[in-house]
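Could you walk me through the pockets, the domains and a few backbone details of this model? Here is a short tour, written with a computational chemist in mind.

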Amino acid sequence: MAKILIATEKPFAPVAVNGIREIIEKAGFELTLLEKYTEKSQLLNAVADVDAIIVRSDIVDNEVFDAAKNLKIVVRAGAGYDNVDCAAATAHNVCVMNTPGQNSNAVAELCIGMLIYGLRGMFNGASGNELKGKKVGILAYGHIGKLVAEYCKAFGCEVYAYHPRRTDEQIQADGVIPVHSQQELFEKCQIVSVHTPSRPENKGCVNYECMSKMPAKAIILNSARKEVFNEEDLVRIMKERTDMKYLTDIQPACHDKMCELFEGRYYATPKKMGAQTAEANINAGLAAAEQIVKFIKNGDETFRVN
Ligand code: 3PG
């Protein structure tokens with residue numbers, strides 16, 4: 001009987017775990033659970049005899065693959081799979097998948113909430129600003145970027161997007177204005193929402209050069225990954241541009257410094273909250289379970305990323 005492990009340092013909502021269990025058991029497999037673990041050794045022990053693992057942002061590195069002698073597949077229940085060492089997976093003959101789009105709505109809704117929070121001066125009691133009429137730039141027009149654009153349009157924003165692999169026609173079809181470089185996006189838009197995945201070629205791509213050209217009262221929102229920002233440049237520009245705010249769902253390495261230096265202009269969620277809804281957990285968790293069943297039973301490799 002195939003053994004499936006859910007290993008989540010940040011657990012799914014119980015309703016999602018129940019749904020995953022139902023799919024796994026109906027397929028005749030066994031489900032085990034490792035939640036809220038604090039030591040890597042717990043993960044290494046838990047993977048010892050499993051065929052498949054469902055994770056979130058949990059780190060799955062070479063050591064994990066070495067410890068998981070029966071492992072055939074890892075599914076990252078979510079979009080970004082930068083937490084999984086895909087080269088090590090391939091070397092161990094393990095398939096890696098993600099569940100693209102399944103938690104996008106939760107992240108997009110959080111973005112709107114954070115933008116309003118920032119525009120309203122973090123609810124400090126003073127007069128703030130509205131989202132309506134603002135020029136909003138979407139950096140990376142994927143599942144989440146597209147939804148943030150749609151919701152911002154509903155708020156009456158003028159929405160621009162930059163995506164290196166989308167045509168103007170694809171972006172225009174959504175009533176969004178395409179721009180042709182990241183630089184142009186930052187120069188045009190008072191608000192920029194960053195959705196760039198953490199890939200080696202994107203590391204530090206949001207830098208002084210683009211941030212420094214933003215219009216007055218700029219707001220930068222990061223619901224992607226901390227690695228896509230050049231943090232030294234971020235601190236520098238926040239010092240220079242006292243009209244600028246930085247809102248993020250991922251605490252940067254310089255979080256303590258940012259809190260100390262930029263009170264009222266810097267906000268970071270205490271823990272990555274974008275996909276933390278029961279709905280997103282159900283969508284991504286159940287998709288992960290179904291992908292595992294199809295992979296083990298039929299060899300279906302749809303959504304394979306390595
Ligand atoms: C993702 O890549 O899907 C999001 O960043 C959500 O990550 P999480 O599952 O750790 O909340």
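The report below starts with confidence, moves on to the domains and pockets, and ends with some individual residues.

This is a predicted model. Across the protein chain the mean pLDDT is 98, and 100% of the residues reach 70 or more. The scores for the model are ipTM 0.98 and pTM 0.96.

Let's begin with the overall layout. The protein chain falls into domain 1 (3–100 + 277–298) and domain 2 (125–263). Taken over C-alpha atoms, the centres of domain 1 and domain 2 are separated by 31 Å. Domain 1 is written in two segments, 3–100 and 277–298. A pair of residues gives another distance to look at: Leu261 and Ala280 are 19 residues apart in sequence, yet their C-alpha atoms are 34 Å apart in space. Leu261 belongs to helix 11 (residues 255–261). With a relative accessibility of 40%, Leu261 counts as partly exposed, because that value lies between the 20% limit for buried and the 50% limit for exposed.

Now for the pockets. Rolling a probe the size of a water molecule over the atoms shows where empty space is left. The largest pocket has a volume of about 1,100 Å³, and 49 residues line it. Nearest the centre of the largest pocket are Ala79, Gly80, His195, Thr196 and Pro197. Three helices each supply at least two residues of this lining: helix 5 (104–119), helix 6 (143–154) and helix 12 (278–298). Domain 1 and domain 2 each give at least three residues to the lining of the largest pocket.

The second largest pocket holds about 470 Å³ of space. It is lined by 20 residues, and Ser57, Ile59, Lys226, Ile250 and Lys272 are the closest to its centre. Here too, domain 1 and domain 2 each contribute at least three residues to the lining of the second largest pocket.

How do the residues of the two linings divide by class? The table sets them out.

| Pocket | Nonpolar | Polar | Charged |
|---|---|---|---|
| Largest pocket | 18 residues | 19 residues | 12 residues |
| Second largest pocket | four residues | five residues | 11 residues |

Finally, some loop residues deserve a look. Phe123 has a positive phi of about 55 degrees although it is not a glycine. Where is Phe123 found? Its place is the loop between helix 5 and strand 6 (135–139). Phe123 has 59% relative accessibility and so counts as exposed, the cut-off being over 50%.

Lys217 is another residue other than glycine with a positive phi, near 55 degrees. The loop that holds Lys217 runs between helix 9 (208–211) and strand 10 (219–222). Is Lys217 buried, partly exposed or exposed? Its relative accessible area is 46%, so Lys217 is partly exposed.

Arg241 sits in the loop between helix 10 (231–240) and strand 11 (245–248). The relative accessible area of Arg241 is 14%, which means that this residue is buried, as the limit is under 20%. Which atom lies 2.8 Å from a polar atom of the side chain of Arg241? That partner is the backbone oxygen of Pro215.

Methods:
Residues are numbered from 1 along each chain as its sequence is written. This is a predicted model: local features need pLDDT of at least 70, side-chain atom pairs count only at pLDDT 80 or more; totals for chains, interfaces and linings use all residues. Side-chain values use heavy atoms; hydrogens and water are left out. On a 1 Å grid over the protein atoms alone, a cavity is a set of points where a 1.4 Å probe fits but cannot get out, and a pocket is an open set with protein on both sides within 12 Å along at least five of seven lines; lining residues have an atom within 4 Å of a point. Grid points are joined across faces, edges and corners, and a volume is the space filled by probe spheres set on the points. Helices (H or I, at least four residues) and strands (E, at least two) are DSSP runs, numbered from the N terminus. Ala, Val, Leu, Ile, Met, Phe, Trp, Tyr, Cys and Pro count as nonpolar, Asp, Glu, Lys and Arg as charged, and the others, Gly among them, as polar. Domain bounds come from an automatic or database domain assignment. pLDDT is the predictor's confidence in each residue, from 0 to 100. Buried means under 20% relative accessible area, exposed over 50%, partly exposed in between (1.4 Å probe, protein chains only). A polar contact is a pair of N or O atoms within 3.5 Å; within protein, one must be able to donate a hydrogen and the other to accept it, and residues adjacent in sequence count only if both atoms are side-chain atoms.
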